[in-house]
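Thanks for coming. I will take a few minutes to walk through one structure, starting from a single residue and working outwards.

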Amino acid sequence: GQDVMALVYEHHGHKINLVVSPRPAPGPGGDTEGFHVVSWQSASLAFFLISDADESALVRLRELLESP
């Protein structure tokens with residue numbers, strides 16, 4: 001197995017999971033069984049936002065997390 005870090009945010013009653021793992025990580029973003037997945041990579045880490053919240057909320061959170 002591989003160690004990962006997970007944080008949970010709440011946005012308008014929806015839980016948003018942020019999972020951070022060492023690169024390389026499997027698979028791109030998309031929709032899976034009613035959940036949206038937004039993923040990106042930076043340096044040696046892979047990031048995944050997973051939630052049933054609107055995908056635009058995940059994209060906005062990604063933008064906030066990536067901003068300096």
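Let me start with serine 51. Its relative accessible area is 1%, and buried means under 20%, so serine 51 counts as buried. Please keep in mind that this is a predicted model, and that goes for everything I say about it.

Where does serine 51 sit in the chain? It belongs to strand S5, which covers residues 45-51. Leaving aside residues up to four places away in sequence, serine 51 touches His14, Lys15, Ile16, Phe35, His36 and Leu58.

The side chain of serine 51 has polar partners in the backbone. A polar atom of that side chain lies 2.6 Å from the backbone oxygen of lysine 15. A polar atom of the side chain of serine 51 also lies 2.9 Å from the backbone nitrogen of alanine 53.

One of the residues that serine 51 touches is His14, so to speak our next stop. Histidine 14 is in strand S2, residues 14-22. Is histidine 14 buried, exposed or partly exposed? Its relative accessible area is 28%, and the band between 20% and 50% is called partly exposed, so that is the label for histidine 14.

With residues up to four places away again set aside, histidine 14 touches Tyr9, Ser51, Asp52 and Ala53. With one of these, aspartate 52, histidine 14 makes a side-chain to side-chain polar contact of 2.9 Å. For a sense of distance along the chain, take glycine 1: it is 13 residues from histidine 14, and the two C-alpha atoms are separated by 28 Å.

Next, lysine 15, whose backbone oxygen we met beside serine 51. What does the side chain of lysine 15 meet? It forms a salt bridge with the side chain of glutamate 10, at 3.2 Å from N to O. Side chains of opposite charge can pair when their charged atoms come close. Lysine 15 has 47% relative accessibility and counts as partly exposed. Glutamate 10, at 56%, is over the 50% mark and therefore counts as exposed.

How many salt bridges does the count come to? Three. Besides the one between lysine 15 and glutamate 10, there is a salt bridge between the side chains of arginine 60 and glutamate 63, 3.6 Å from N to O. These two residues are three apart in helix H1, residues 55-66, so about one helical turn separates arginine 60 from glutamate 63. Both ends are partly exposed: arginine 60 has a relative accessible area of 46%, and glutamate 63 is at 42%.

Then there is the salt bridge between glutamate 66 and arginine 62, with their side chains meeting at 3.2 Å, N to O. Glutamate 66 and arginine 62 are also in helix H1, four residues apart, which is about one turn of the helix. Glutamate 66 is partly exposed at 41%, and arginine 62 is partly exposed at 26%.

Now the aromatic residues. The count comes to one aromatic pair. The pair is tryptophan 40 and phenylalanine 47: their ring centres are 5.1 Å apart and their planes are at 10°, which is under the 30 degrees required, so the pair is stacked. Tryptophan 40 and phenylalanine 47 are both buried.

Let me finish with the chain as a whole. What does its secondary structure come to? One helix and five strands. Read from the N terminus, the elements run β-β-β-β-β-α. The radius of gyration is 12 Å, close to the 11 Å that the globule rule gives for 68 residues, so the chain is as compact as a globular protein of that length. The C-alpha trace spans about 30 × 30 × 20 Å along its principal axes.

As for the surface, the protein chain exposes about 4,600 Å², and carbon and sulfur atoms supply 55% of that. Of the 68 residues, 28% count as buried, serine 51 among them. Looking at contacts with a separation of 6 or more, 32% are between residues 24 or more positions apart.

That is the tour. I am happy to go back to any part of it.

Note on methods. Residues are numbered from 1 along each chain as its sequence is written. This is a predicted model: local features need pLDDT of at least 70, side-chain atom pairs count only at pLDDT 80 or more; totals for chains, interfaces and linings use all residues. Side-chain values use heavy atoms; hydrogens and water are left out. Buried means under 20% relative accessible area, exposed over 50%, partly exposed in between (1.4 Å probe, protein chains only). Contact means heavy atoms within 4.5 Å. A polar contact is a pair of N or O atoms within 3.5 Å; within protein, one must be able to donate a hydrogen and the other to accept it, and residues adjacent in sequence count only if both atoms are side-chain atoms. Rings of Phe, Tyr and Trp (its six-membered ring) pair if their centres lie within 6.5 Å; planes under 30 degrees apart count as stacked, over 60 as edge-to-face and the rest as tilted. The radius of gyration is taken over C-alpha atoms; the globule rule is 2.2 Å times the number of residues to the power 0.38. Accessible areas come from the Shrake-Rupley method with a 1.4 Å probe; for residues, only the protein chains shown count as cover. A salt bridge is a side-chain nitrogen of Lys or Arg within 4 Å of a carboxyl oxygen of Asp or Glu.
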